[in-house]
Amino acid sequence: MSTATFDTLKFAQNLEQAGLEPKQAAAFAKAQKEALIETFDNQVATKADIQAVRSEMTLIKWMLGFNLTLSFALLPMIFTILWKLFS
């Protein structure tokens, strides 16, 4: 879980300076903080998420390398068999 740093007091004070009542400013600040926390919890990748993706990418690279190597190793054999069949 990631944390969001949000200064609700400063936000509320800015709203009050803009002409809002203190209760309204406090309510807006609370709502804004909750929205930011929800956004961070649902949409921001953590270090663990990034490490999991890196691990999966490493595995995929190895699998791709193995398959390409095997394919290139088998190509001469396949061409030889096809040459014998059609000549």
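So, confidence by element: in this predicted model, helix α3, residues 47-86, has the highest mean pLDDT of the elements, at 93. Helix α2, residues 22-43, has the lowest, at 85. Taken over the protein, the average pLDDT is 88, and 95% of the residues score at least 70. A general word of caution, friends: where pLDDT is low, the predicted coordinates should not be read in detail.

Now the fold itself. How many helices and strands does the protein have? We count 3 helices and 0 strands. Reading from the N terminus, the order is simply α-α-α.

Next, the overall dimensions. For 87 residues, a compact globule would come out with a radius of gyration near 12 Å, whereas this protein has 29 Å. If you line the C-alpha atoms up along the principal axes, they fill a box of roughly 90 × 25 × 15 Å. One pair gives you a feel for distances along the chain: V44 and P76 are 32 residues apart in sequence, and their C-alpha atoms are separated by 49 Å. You will find V44 in the loop between α2 and α3. V44 counts as partly exposed because its relative accessible area is 36%, which falls between the 20% and 50% cut-offs.

What about burial in general? Of the 87 residues, 5% count as buried. The accessible surface adds up to about 7,800 Å², and carbon and sulfur atoms account for 66% of that. As for charge, there are 8 positive and 8 negative side chains. The centres of those two sets lie 13 Å apart.

Let me zoom in on the N-terminal part, if you'd like to follow along on the structure. Which residue caps the N-terminal end of helix α1, residues 8-17? That is D7, with a side-chain oxygen 3.3 Å from the backbone nitrogen of L9. Just after α1 comes G19, with a positive phi of about 115 degrees.

Staying with helix α1, have a look at Q13, which sits in that helix. Is Q13 buried, exposed or partly exposed? Q13 is partly exposed, since its relative accessible area is 38%, again between the 20% and 50% limits. And where is Q13 relative to A25? The two are 12 residues apart in sequence, with 7.4 Å between their C-alpha atoms.

To wrap up, then: 3 helices and 0 strands, a radius of gyration of 29 Å, and 5% of the residues buried. Thanks, everyone!

Note on methods
Residues are numbered from 1 along each chain as its sequence is written. This is a predicted model: local features need pLDDT of at least 70, side-chain atom pairs count only at pLDDT 80 or more; totals for chains, interfaces and linings use all residues. Side-chain values use heavy atoms; hydrogens and water are left out. Helices (H or I, at least four residues) and strands (E, at least two) are DSSP runs, numbered from the N terminus. The radius of gyration is taken over C-alpha atoms; the globule rule is 2.2 Å times the number of residues to the power 0.38. Buried means under 20% relative accessible area, exposed over 50%, partly exposed in between (1.4 Å probe, protein chains only). Accessible areas come from the Shrake-Rupley method with a 1.4 Å probe; for residues, only the protein chains shown count as cover. Lys and Arg count as positive and Asp and Glu as negative; His and the chain ends are not counted. The place of a charge is taken as NZ of Lys, CZ of Arg, CG of Asp or CD of Glu. pLDDT is the predictor's confidence in each residue, from 0 to 100. A polar contact is a pair of N or O atoms within 3.5 Å; within protein, one must be able to donate a hydrogen and the other to accept it, and residues adjacent in sequence count only if both atoms are side-chain atoms.
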